[in-house]
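Biologist: Please take a close look at one side chain and its partner. Then walk me through the other features that are worth checking by eye.

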Amino acid sequence: MPTVAPDRGLLETPASRPRITWLGHASFLVQLDGASVLIDPVFSDRLAGLIRRNVPAPLSPAELPRIDATLVTHNHYDHLDTPSVRAAGARTLSGLGMSRLVPCEELDWWQRARINDRVQATFVPSQHWSRRGLGDTNRALWGGFVVEGPSGSVYHSGDTAYFDGFAEIGRRFPKLGSALLPIGAYDPPWFMEKQHMNPEQAVQAFVDLRAHRFVAMHWGTFKLTDEPLDEPPRRLRAEWSKRGLPEEALRVPAIGETLGSD
């Protein structure tokens, strides 16, 4: 897995334009218009004490800048790591039914919440499911987030299969900047295709969204499914080239890397 040391000095500086730092798997630090937002933070060495990280988290909670809000897309252990959410020490937003697992403000699909006086987050649909224990299947809502301010917007899909909701999100947010889309955890297809995308489907999702830039996530950090850890970006780049999409619109960041606005 490619990794870089985060520029902690940069991250402590307020961002006037969207700035995105990949913390591994689905974890991101998104900064724009004076706000710093964590999405699906996982700083722990293992998921639920079982699945070990292949790459250490590039930042510890103590090394984060001030966090204005933590956004949690759903309750699976690789997205809701309760010690990490607590360590961030920030106001938390998530879907309906999530407050029984972590103190948070609950949102329905398409519902918005203010982060600061310039930035808001909207909880949007995804094609997935939820479960934390043996008897709570689909008792909490799953989804993604669109974080937007005057300088731009960032879409984080959460976990999702390919579905026609991408086109609807694109219609409702016609000027999406960066789309953070999952490219891993898809093999075997007979089991995973109802809940996760493969790289080719992720490219189609990007086309449906009509976003400015594709940012790859959800690969390499944890070994969750059968495909080789390094396969997703190779398939992604091959599909991108096959479709003749602009090279500058595709970013596969290293863990710890910060992307600014293009």
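Modeller: Start at Arg251. Its relative accessible area is 27%, so Arg251 counts as partly exposed. The class follows because buried would need under 20% and exposed over 50%. Arg251 does not stand alone: its side chain meets that of Glu257 in a salt bridge. The N to O distance there is 3.2 Å. Keep in mind that this is a predicted model. Every distance and angle below is computed from that prediction.

Now the wider set of charged pairs. Searching the whole structure turns up 12 salt bridges. The Arg251 and Glu257 pair has been described; here are others.

Arg100 pairs with Asp136. Their closest N and O atoms are 2.7 Å apart. This pair ties together distant parts of the chain, with the two positions 36 residues apart in sequence. Arg100 sits in the loop between strand S7 (92-95) and strand S8 (105-107). Asp136 sits in the loop between strand S10 (120-124) and strand S11 (144-149). The two ends have unlike surroundings. Arg100 has a relative accessible area of 42%, so it is partly exposed. Asp136 has 6%, so it is buried.

Arg243 and Glu239 make another salt bridge, with the closest N and O atoms 2.8 Å apart. Here the link is within one helix. Arg243 and Glu239 are four residues apart in helix H6, so about one helical turn separates them. Arg243 is partly exposed at 35% relative accessibility. Glu239 is buried at 11%.

There is also a network. Salt bridges link Glu168, Arg171 and Arg172.

Helices next. Two packed helices are described by the angle between their axes and the distance between the axes. Take helix H5 (residues 199-209) and helix H6 (residues 231-243). Their axes come within 8 Å. They cross at roughly 50°, so H5 is oblique to H6. The crossing of H5 past H6 is right-handed. H6 is also the helix that holds Arg243 and Glu239.

H5 has a second packing contact to look at. Helix H3 (residues 165-172) packs with H5, the axes being 7 Å apart. The angle between H3 and H5 is about 30°. H3 and H5 are therefore roughly parallel, because angles under 35 degrees count that way. This crossing, too, is right-handed.

Now the backbone. Most residues other than glycine have a negative phi, and most peptide bonds are trans. Three places deserve a check against that.

The first topic is Asp40. Asp40 is not a glycine, yet its phi is positive, about 45°. The residue lies in the loop between S3 and strand S4 (46-47). Its relative accessible area is 0%, so Asp40 is buried.

Then His218. Its phi is near 65°, again positive in a residue other than glycine. His218 belongs to the loop between strand S14 (213-217) and H6. At 2% relative accessibility, His218 is buried.

Then Pro188. The peptide bond running from Asp187 to Pro188 is cis, and its omega is near 10°. Pro188 falls in the loop between strand S13 (178-182) and helix H4 (189-192).

Back to strand S3 (residues 35-39), which holds Ser36. Ser36 is buried, as its relative accessible area is 7%. Ser36 and Ile67 are 31 residues apart in sequence. In space, their C-alpha atoms are 5.1 Å apart.

Last, the surface. Leu50, Ile51 and Leu224 make a nonpolar surface patch of about 260 Å². Ile51 belongs to strand S5 (residues 51-52). Its relative accessibility is 32%, so Ile51 counts as partly exposed. That value also lets Ile51 join a patch, because patch residues need over 30% relative accessible area.

To return to the starting point: Arg251 is partly exposed, and its side chain is held in a salt bridge with Glu257.

Note on methods. Residues numbered from 1 in each chain as written. Predicted model: local features only at pLDDT ≥ 70, side-chain atom pairs only at ≥ 80, totals over all residues. Heavy atoms only, no water. Patch = residues over 30% accessible without salt bridge, like charges linked within 9 Å, V, L, I, M, F, W, Y side chains within 5 Å. Areas by Shrake-Rupley, 256 points an atom, 1.4 Å probe, with all protein chains shown as cover. Salt bridge = Lys/Arg side-chain N within 4 Å of Asp/Glu carboxyl O. Buried < 20%, exposed > 50% of the residue type's maximum accessible area, 1.4 Å probe, protein only. Axes fitted to C-alpha atoms, helices over the stretch in contact; angles between N-to-C directions. Parallel < 35°, antiparallel > 145°, perpendicular 65-115°, else oblique. Left-handed = near helix turned anticlockwise from the far one by under 90°.
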